[in-house]
Amino acid sequence: MGYDCVVCIKYVPDTQRVTGEAMKEDGTVNRAALPMVFNPEDLNALEQALAIRDARGGSVAVVTMGAPAAGEILRESLCRGADRAVLLTDRRAAASDTLATSYILSCAVKKLPHDLVLCGRQAIDGDTAQVGPQMAEKLGIPQITYVEELLGLDAATIRVRRSVGNGFEVIDGDLPILLTVMDTANTPRPPAAKRIMKYKKARAPAEVAREAAEALGPDADPDAVTAEAEKRCDALRGRGLLIDQWSLDDIDADLTWCGARGSPTKVHRIQSVILAGGQYREHPPTDEGVRELVAELIEDHTIG
Amino acid sequence: MIDVNRQGEVWVFAEQEDGRLSDVPLELLSKGRELADRLAVPLGTLLLGHNVEGLCEALTAHGADKVYLADDPRLEHYQAAGYRRVICDLIEQHAPQIVLYGATPLGRDLAPTVASAMWCGLTADCTDLQIGDHKPPGSDEVHKNLMFQIRPAFGGNIIATIVNYDRWPQMATVREGVMALTDPDVSRRGEVVRCAADLDGVAMPLKVIDSQRRPKRVNLKAARIIVAGGAGVGSKDNFRLIWDLANCLGAAVAGSRAAVDLGFVDHDHQVGQTGTTVRPALYIACGISGAVQHRAGMGESAKVLAINNDPEAPIFSVAHHGIVGDLTDVIPRLIKTVRSGAAQKT
């Protein structure tokens, strides 16, 4: 027995650490200046999958869609205990909204054995929490969102506790099923030292290609770069360190539903939230200052 | 996906639980009314459940012209599969131009699956909706009278306006508490459209084994004055000051996420992106630095008084009045002044 788990993860800008420089002069977000992180609740989804595998057997595969730089969190997942990592990268997937993203991810998940599909509750860059439920619909499997605790699991059914804001529900669901996991569900295990030693060298082919190009320098013959990249990929593959890399063709995705073309939502306008600052009335922290403030609030009927 | 239908109605999903409507659908109806009037189309509402016909009146009183009622024992407890089927069938049949859902745990579970099944767009957690025109970059075509779906994004650092001009309906979830709840008008009349729920062959793969909900003990949304404390309050003992100030003002007590995480105050009191959104007449922020996530929950307050010992704290950017100082010193002075002021008046 055992359960095959697929965990969908995202490499996101750390929106909790946005600083002044992170906004460009035109008021748009300067993504380049933001540190990138493993989306926090995806770590809880990964931990849940690893806990199931460790207790009941099976496997854990992680999938991320993004630029080759997202290889970083695939490596981290391997270090934390994942068995397999897949980088889904394709320029034609750029500018996908949640619908197109869920379509593409569902095509990838279909290529992997899955009794359980796990996602973080939401990603901190968009906070939409939409991709999980949309994937479940595309996969034709049920979903349980806001999962806080796994209570039971047998061959056909899972029992979980989910948060509903002002309380909780205990739900039984038929497998295969998709879960979105909350940060309160568990404490993600740290990467294991032994696994770090092994997997820090793991690379996806797109990362290898970039490293090969850097190694040979800007004047190198493109064929030589390709040959070097292939050589390096072969070496990694031999040691089990080549991260799977899939394009939209590899997952048989219909391009109609991918990227900007497959995305019904369009941005009309972006405004940055500018801290005005200095426009409030300052009252000194003295009896006199406080009296003046209270008098004013009573005067305009705000209090009293 | 349905085609663009300019005559399509505006719809609001009427979330109910155990036969009771929450505030969200009613808030959405007042916004929906505004959008429907602007577009000169009827406002419809979708009521799914079992033995819920009694709720139609309240929906009509809050602005609905039509209530699409699907009453079926299989819809008594929410589950995405059944609700999705009924809603998708209704959308295909009536081709509404807009469908709104509350951004509640249920709405955020349901709406994405409807969007996925319909291959249409969905914008999460909107804080405002407007009607306007959109010209796609590089195109001469102007799409008139679209729903502008306005929401904070990127951790609240930007405000994005999203449109969906080709694959309809235009759908959005809307945060609880951001749309004003208007008073019901019991003289309003509406039509109840009974809809058969075609659920044969729809697998119901989930079973609710237990459900525990405790009513929110704190009604921050109704409070005229809110006194809120953050991490800067320092300790649960110091948080007593927040309660004292609230008591003498007849105010409700709130906390930032940091204050809740530190155990100073219960989660029911949390204001901000993951808590309640409030719009009181006066919001007194004590020892709250004012992270974007917090400001998202209180930025609509009519007046904000910030008390903080850090003059650079972002909370001052949304404040109308500010006191830079130690709150353990300032709050007792405030309490003393308010009490003496009240004494003078009586």
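The following exercises, each with a worked solution, concern a predicted model.

**Exercise 1. Describe chain A as a whole: its elements, its extent and its burial.**

Begin with the secondary structure: chain A has eight helices and 13 strands. Next, take the extent of the chain. Along the principal axes, the C-alpha trace of chain A spans about 80 × 60 × 45 Å. Then turn to burial: of the 304 residues in chain A, 48% are buried. Finally, consider the contacts in chain A with a separation of 6 or more; residues 24 or more positions apart account for 69% of them.

**Exercise 2. Determine how helix 6 and helix 7 of chain A pack.**

Two packed helices are described by the angle between their axes and the distance between the axes. Here the elements are helix 6 (residues 205-216) and helix 7 (residues 222-238) of chain A, whose axes are 8 Å apart at an angle of about 130°. This angle makes helix 6 of chain A oblique to helix 7 of chain A. The next step is handedness: helix 6 of chain A passes helix 7 of chain A in a right-handed crossing.

The residues in the contact can then be listed by helix.

- Helix 6 of chain A contributes Pro205(A), Val208(A), Ala209(A), Ala212(A), Ala213(A), Ala215(A) and Leu216(A).
- Helix 7 of chain A contributes Ala224(A), Val225(A), Glu228(A), Ala229(A), Arg232(A), Cys233(A) and Leu236(A).

By class, this contact between helix 6 and helix 7 of chain A holds twelve nonpolar, no polar and two charged residues.

**Exercise 3. Establish whether helix 2 of chain A is enclosed or not, and state what follows this helix.**

The criterion for a buried residue is 20 or more other C-beta atoms within 10 Å of its own. In helix 2 (residues 71-80) of chain A, nine of the ten residues are buried, so this helix is largely enclosed by the rest of the structure. The buried residues are Gly71(A), Ile73(A), Leu74(A), Arg75(A), Glu76(A), Ser77(A), Leu78(A), Cys79(A) and Arg80(A). After helix 2 of chain A comes Gly81(A), with a positive phi near 130°.

**Exercise 4. Characterise the contact between chain A and chain B.**

Start with the number of residues: 65 from chain A and 70 from chain B take part. On the side of chain A that touches chain B, the elements giving two or more residues include helix 3 (98-110), strand 7 (143-153), strand 9 (167-174) and helix 8 (287-299) of chain A. That side of chain A has 28 nonpolar, 22 polar and 15 charged residues.

Strand pairing also links the chains. Strand 9 of chain A pairs with strand 13 (residues 206-213) of chain B in the antiparallel sense, over seven bridges. Within this pairing, Gly167(A) has Arg213(B) as its bridge partner.

**Exercise 5. Work out the strand order of the open sheet of six strands, and place helix 5 of chain B relative to its strands.**

The order is 13(A)-18(B)-17(B)-16(B)-14(B)-15(B), with parallel pairing. The edge strands, each pairing on one side only, are strand 13 of chain A and strand 15 (252-255) of chain B. Strand 14 (residues 225-229) and strand 15 of chain B run parallel and are joined by four bridges. In this pair, Gly229(B) stands opposite Gly255(B). Helix 5 (residues 236-249) of chain B lies across strand 14, strand 15 and strand 16 (282-286) of chain B, and runs at about 175° to strand 14.

**Exercise 6. Locate the cis peptide bonds at Pro176(A) and Pro169(B), and the positive phi values of His301(A) and Asn145(B).**

Most residues other than glycine have a negative phi, and most peptide bonds are trans.

1. Leu175(A) and Pro176(A) are joined by a cis peptide bond with omega about -10°. Pro176(A) lies in the loop between strand 9 and strand 10 (177-181) of chain A.
2. Trp168(B) and Pro169(B) are joined by a cis peptide bond with omega about 0°. Pro169(B) lies in the loop between strand 10 (158-163) and strand 11 (170-174) of chain B.
3. His301(A), not a glycine, has a positive phi of about 65°. His301(A) belongs to the segment after helix 8 of chain A and counts as exposed, with 8 C-beta neighbours inside 10 Å.
4. Asn145(B), not a glycine, has a positive phi of about 50°. Asn145(B) lies in strand 9 (residues 143-153) of chain B and is partly exposed, with 14 other C-beta atoms within 10 Å.

How values were computed
Residues are numbered from 1 along each chain as its sequence is written. Chains are lettered from A and ligands numbered from 1 in the order in which they are written. This is a predicted model: local features need pLDDT of at least 70, side-chain atom pairs count only at pLDDT 80 or more; totals for chains, interfaces and linings use all residues. Two residues are in contact if their C-beta atoms, placed from the backbone, lie within 7 Å. Ala, Val, Leu, Ile, Met, Phe, Trp, Tyr, Cys and Pro count as nonpolar, Asp, Glu, Lys and Arg as charged, and the others, Gly among them, as polar. Two strands pair if DSSP finds at least two bridges between them. Axes are lines fitted to C-alpha atoms, for helices over the stretch in contact, and angles run from 0 to 180 degrees between N-to-C directions. Angles under 35 degrees count as roughly parallel, over 145 as roughly antiparallel, 65 to 115 as roughly perpendicular and the rest as oblique. A crossing is left-handed if the near helix is turned anticlockwise from the far one by less than a right angle, and right-handed if clockwise. A residue is buried if 20 or more other C-beta atoms lie within 10 Å of its own, exposed if 12 or fewer, and partly exposed in between; C-beta atoms are placed from the backbone.
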